[in-house]
Amino acid sequence: MASSVAFPHDFAFDPAYGYDAPDALLGIPAPPAPDGFDAFWQDRCARARAVDTRPALGPVEEERDGVRIHGVTYTSVGGVRLGGWLALPAEGPVRYGFVVGHGYGGRQEPGRDLPAPLPGAAVILPCVRGMGERGRVDGIPDLAAEHVLHGIGSRDTYVIGDCAADLWCAASALTELVPELAEAGLPGGPRLGYLGESFGGGLGALALPWDDRFGAAQLTVPTFGNHPLRLTLPCAGSGEAVRAHHREHPEVTDVLGYFDAATAATRLTLPTLVAAALFDPSVPPPGQFAVHNALAGERELQVLTAGHFAYRGIVAEAAELDANRTRFFGERLTAAG
């Protein structure tokens with residue numbers, strides 16, 4: 001496949017996959033939901049919401065950009081204890097709350113996900129099970145190519161479902177630790193924002209349709225979109241491990257149907273900002289755009305030149321996305337109190 005969206009690279013495939021403009025990508029649909037899709041996710045969310053997360057706030061580890069950053073731990077489904085960070089305003093009350101998902105590789109530090117899009121925000125940055133030092137769990141691989149296959153033989157054991165639950169439990173931990181957010185999801189109460197990039201973007205699409213505590217989301221270069229199409233597209237990311245496994249175990253297609261971010265997006269009615277790339281060697285752009293195209297509610301799209309790839313102009317595009325993020329959440333989230 002040839003594309004006019006081209007950069008010098010050493011990949012054995014075209015990271016634009018033959019698409020050279022957003023118009024063609026905007027026509028990519030979501031696969032139909034398998035039987036019991038909604039009930040499967042509703043049940044998983046209900047069970048996660050019932051977990052006593054017993055969050056514990058650690059001492060301040062860093063202060064910058066108007067926030068104090070603490071270590072945090074909490075309990076998720078299956079009794080798994082996970083860690084991460086909680087950023088709180090250095091001055092003034094909490095007015096907003098955010099859950100921030102990380103990429104496939106885990107999170108070793110809060111990084112550029114702070115400061116939050118809006119001033120006065122409390123932000124929890126969880127490490128989902130298996131990912132990063134604070135998400136390490138015995139028996140779950142911490143390498144993306146192995147993690148993405150863990151438990152894939154059944155929809156009930158696939159680790160991706162538990163990782164979505166880790167986000168729901170992180171939201172519970174956030175609202176327990178921050179009294180201003182305790183009414184999240186109740187009539188008249190605040191709504192949380194969600195930010196997720198790559199792996200975190202795909203997990204967000206899977207998790208958000210079922211949780212009424214959230215009011216708006218940003219998904220950047222989201223993975224797990226349109227698995228039937230992804231299985232035909234070579235890549236340098238975790239999807240390649242799934243493709244290799246599928247060649248030996250074609251029956252895994254039935255399991256993947258329950259973890260398709262584009263299918264889940266057909267149930268996602270929250271206002272959602274999607275940043276999708278035209279060129280991406282790790283997360284094929286057709287899958288990213290499939291998530292955007294399927295969204296059932298208000299949506300915005302920022303087209304990125306590339307994802308998971310350094311290119312001239314990346315700093316300017318990131319600054320534009322940061323500005324869009326601040327505007328987007330500022331218009332859609334109601335302040336607490």
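Q: Which residues of α10 are buried?
A: They are P285, P286, G287, Q288, F289, A290, V291, H292, N293 and A294. A residue is called buried at under 20% relative accessible area, exposed at over 50% and partly exposed in between, using a 1.4 Å probe on protein chains only. Helices are DSSP runs of H or I with at least four residues, strands are runs of E with at least two, and both are numbered from the N terminus.

Q: What kind of model is this, and how are its residues numbered?
A: It is a predicted model, in which local features need pLDDT of at least 70 and side-chain atom pairs count only at pLDDT 80 or more, while totals for chains, interfaces and linings use all residues. Residues are numbered from 1 along each chain as its sequence is written, and side-chain values use heavy atoms, leaving out hydrogens and water.

Q: Why is helix α10 described as largely enclosed by the rest of the structure?
A: Helix α10 covers residues 285-294, and 10 of the 10 are buried, so the description fits.

Q: How many aromatic pairs does a search of the whole structure find?
A: There are 18. A good one to look up is W41 with W168, whose ring centres are 6.1 Å apart with planes at 75°.

Q: What makes the pair of W41 and W168 edge-to-face?
A: Rings of Phe, Tyr and Trp (its six-membered ring) pair if their centres lie within 6.5 Å, with planes under 30 degrees apart called stacked, over 60 edge-to-face and the rest tilted. The centres of W41 and W168 are 6.1 Å apart and the planes stand at 75°, so the pair passes both tests and is edge-to-face.

Q: What does the pair of W41 and W168 tie together?
A: W41 belongs to helix α2 (residues 37-49) and W168 to helix α4 (residues 159-177), so the pair links parts 127 residues apart in sequence. Both W41 and W168 are buried, and they share one aromatic cluster with F40, Y158, Y258 and F259.

Q: How many disulfides does a search of the whole structure find?
A: Zero; a disulfide would be a pair of cysteine sulfur atoms within 2.5 Å.

Q: Why does C45 have no bond to the closest cysteine sulfur?
A: The closest cysteine sulfur, in C169, is 9.2 Å from the sulfur of C45, which is too far for a bond. C45 has 3% relative accessibility, so it counts as buried.

Q: What about the sulfur of C235, and where is its closest cysteine sulfur?
A: That closest sulfur is in C163, 18 Å away, again too far for a bond. At 7% relative accessibility, C235 also counts as buried.

Q: How do you know where empty space is left?
A: A probe the size of a water molecule, rolled over the atoms, reveals it. On a 1 Å grid over the protein atoms alone, a cavity is a set of points where a 1.4 Å probe fits but cannot get out, whereas a pocket is an open set with protein on both sides within 12 Å along at least five of seven lines; lining residues have an atom within 4 Å of a point.

Q: How many cavities of 30 Å³ or more are found, and what lines the largest cavity?
A: The search finds one, and the volume of the largest cavity is about 50 Å³. Its lining includes H227, R230 and C235, and α7 gives the largest share, three residues.

Q: Which residues lie nearest the centre of the largest pocket?
A: R112, E197, S198, T220 and V221 do, out of 40 lining residues. This pocket holds about 870 Å³ of space, and α11 provides the largest share of its lining, seven residues.

Key:
Grid points are joined across faces, edges and corners, and a volume is the space filled by probe spheres set on the points.
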